[in-house]
Amino acid sequence: MRTPPGPADGSPGPAGAAPGPADDASVLDDVFAGILGSVEEITDETVRKITEDESGYVENQLPPDLLRAVVRANIEAVLRAEAGGPDGGDETARWAGRVKAEHGVPLPALLHAFRLGGLEIWEWAIARAATGPQATALLRRSSGFWAVLDRFSTAATEAYRQVADDRERQQEAARRIMLLGVFEGTAEGTTRAAGLSRALGLPERAEFRVVAGELGPDGADPLPGIADRLAALSVPSVWTTELGERLGLLAPVGEADAAAALRALDRCAAGRVGVSRPFASPAAAPEALRQARIALACVPPSGAGVHRHGSAPVDALLAAHPASAAELAADVLGSLLATEDGGAALLDTLDAWFAADGSTAGAARRLHCHRNTVLYRLARIADLTGRTPTRPVDAAELHTALRARRLRP
């Protein structure tokens, strides 16, 4: 509630009393109320300055009549607030924020428009506050005036961001649906790669790659933070989560960006992740998704990491035909797996021997055991499987069966 005003003529009041806020209000209410009669002129001048200073209003399709209506409403609300009447300023400012967000006017341009309007009102107030008491009161009122303008600007910004956030959520949902259509090969315009890339926010020419990551048992992201990391590298990407998978379409431009993107995937991987071969058009995404899923299956179930399609052809072949791979492992290693410990020591020995390029001494070092132990176990493997590890054909079958076993225990 306002304190009863002092003398109406703007004099200091009782002898020795310094003017206060109530005195200033009494002196200035008439000033701002008088400016209300010139709101059309103030609006026209403010709109002129806005359109001259801010390209955002020209580049975006905000109708001139609507811009003028928004500016006039906010100028009038500020003047009513300064004149001591009900202003409804917060809702008026929120309307301005919504309108400008809906028409794509940048937020800095919105805030600049409020400052221009405030400066125009203040210039009119300075011109009208001609008397000494009014000029002095206006000087003391300056911080309060700009606080009112800041309140309006804050309300407009909140409304602007709400509209912008809603639009971003809608666009993200649309991109997700389109991305799924791209992966399924059903997206409208798949054959028009340039238009599809633009709709997804991706460059028209790039070394596209599809990424498939397996969600954790609790839905944990296998690539936490990857979108932000790629954005920091200026590598465009779009992502979605669907039926236990984290799927992404990457669009690095050039070999350097592609290498940086792959390094980012390696650093972020917290689960099993597969990456397709590069391809030139989104129309090839369905095949690339198949490759990425095969590559994912090349990472052992208990492991975590990134596997690139084509980097291990045998593993890819086994992952692409899991039933045949399981049959192969059972046929070749069945007798070995039926031993008391499930053949764990023998499998580890065979794995170490292959990793050491068939060197018994090298395998012993890897296993931290004596060379004779390795020789004994290799002989045992030959007895159980009927295949001698040192014979190339038998070694091929053993190695392939071992890889099948490692990929699908």
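Which residue takes a positive phi in the hairpin of E2 and E3? The legends below, written for a predicted model, answer this question and then turn to other parts of the protein.

**Figure 1. The hairpin of strands E2 and E3.** The residue in question is Leu243, whose phi is near 50° in a hairpin that has 2 residues between its strands. Strand E2 covers residues 237-242, and strand E3 covers residues 245-250. The two strands pair in the antiparallel sense, with 6 bridges between them. Two of the partnerships can be named residue by residue. Thr240 has Leu247 of E3 as its bridge partner, and Val238 is matched in E3 by Leu249.

**Figure 2. The open sheet of five strands.** The sheet contains 5 strands, arranged in the order E2-E3-E1-E4-E5, and their pairing is mixed. Strand E2 and strand E5 (305-308) each have a single partner strand, so they stand at the edges and one side of each is left without a neighbour in the sheet. From one strand to the next, the twist averages 20°.

**Figure 3. Two helices that pack on the sheet.** Helix H7, formed by residues 132-184, packs on the sheet and touches strand E1 (209-214) as well as E2 and E3. The direction of helix H7 makes about 80° with that of E2. Helix H11, residues 285-297, lies across E1, E3, strand E4 (272-275) and E5. The angle between helix H11 and E1 is about 40°.

**Figure 4. A buried glycine in helix H7.** Gly181 belongs to helix H7. Is Gly181 buried or exposed? Its relative accessibility is 9%, which is under the 20% limit, and Gly181 therefore counts as buried. Pro286 is 105 residues away from Gly181 along the chain, yet the C-alpha atoms of the two residues are separated by 9.3 Å.

**Figure 5. The largest cavity and its lining.** A search of the whole structure finds 3 cavities of 30 Å³ or more. The largest cavity holds about 110 Å³ of space. It is lined by 15 residues, of which Val71, Asn74, Ile75, Ala113 and Phe114 are the closest to its centre. Which elements give two or more residues to this lining? They are helix H2 (39-53), helix H4 (64-82), helix H6 (107-128) and helix H7. Sorted by class, the lining of the largest cavity consists of 10 nonpolar, 4 polar and 1 charged residues.

**Figure 6. Positive phi values at two loop residues.** Most residues other than glycine have a negative phi. Ser234, in the loop between helix H9 (226-232) and E2, has a positive phi near 60°. At 59% relative accessibility, Ser234 lies over the 50% limit and so counts as exposed. Asp357 also has a positive phi, near 60°. The loop that holds Asp357 runs between helix H14 (344-355) and helix H15 (360-367). Asp357 is exposed because its relative accessible area is 72%.

**Figure 7. An exposed glycine in the loop before strand E1.** Gly201 is located in the loop between helix H8 (193-199) and E1. With a relative accessibility of 57%, Gly201 counts as exposed. Pro236 is 35 residues from Gly201 along the chain, and the C-alpha atoms of this pair are separated by 7.7 Å.

**Figure 8. A buried aspartate in helix H12.** Asp315 has its place in helix H12, which comprises residues 313-320. Its relative accessibility is 9%, so Asp315 counts as buried. Which residues does Asp315 touch, when those up to four places away in sequence are not counted? Its contacts are Cys298, Arg403 and Leu407.

**Figure 9. The protein as a whole.** The close-up views above belong to a protein with 17 helices and 5 strands. Of its 409 residues, 44% count as buried. Among contacts with a separation of 6 or more, 70% join residues that are 24 or more positions apart.

Key. Residues numbered from 1 in each chain as written. Predicted model: local features only at pLDDT ≥ 70, side-chain atom pairs only at ≥ 80, totals over all residues. Heavy atoms only, no water. Pairing = 2+ DSSP bridges. Helix = DSSP H or I, 4+ residues; strand = E, 2+ residues; numbered from the N terminus. Axes fitted to C-alpha atoms, helices over the stretch in contact; angles between N-to-C directions. Contact = heavy atoms within 4.5 Å. 1 Å grid on protein atoms, 1.4 Å probe; cavity = no way out; pocket = protein on both sides within 12 Å on 5 of 7 lines; lining within 4 Å. Points joined across faces, edges and corners; volume = space filled by probe spheres on them. Nonpolar A, V, L, I, M, F, W, Y, C, P; charged D, E, K, R; others polar. Buried < 20%, exposed > 50% of the residue type's maximum accessible area, 1.4 Å probe, protein only.
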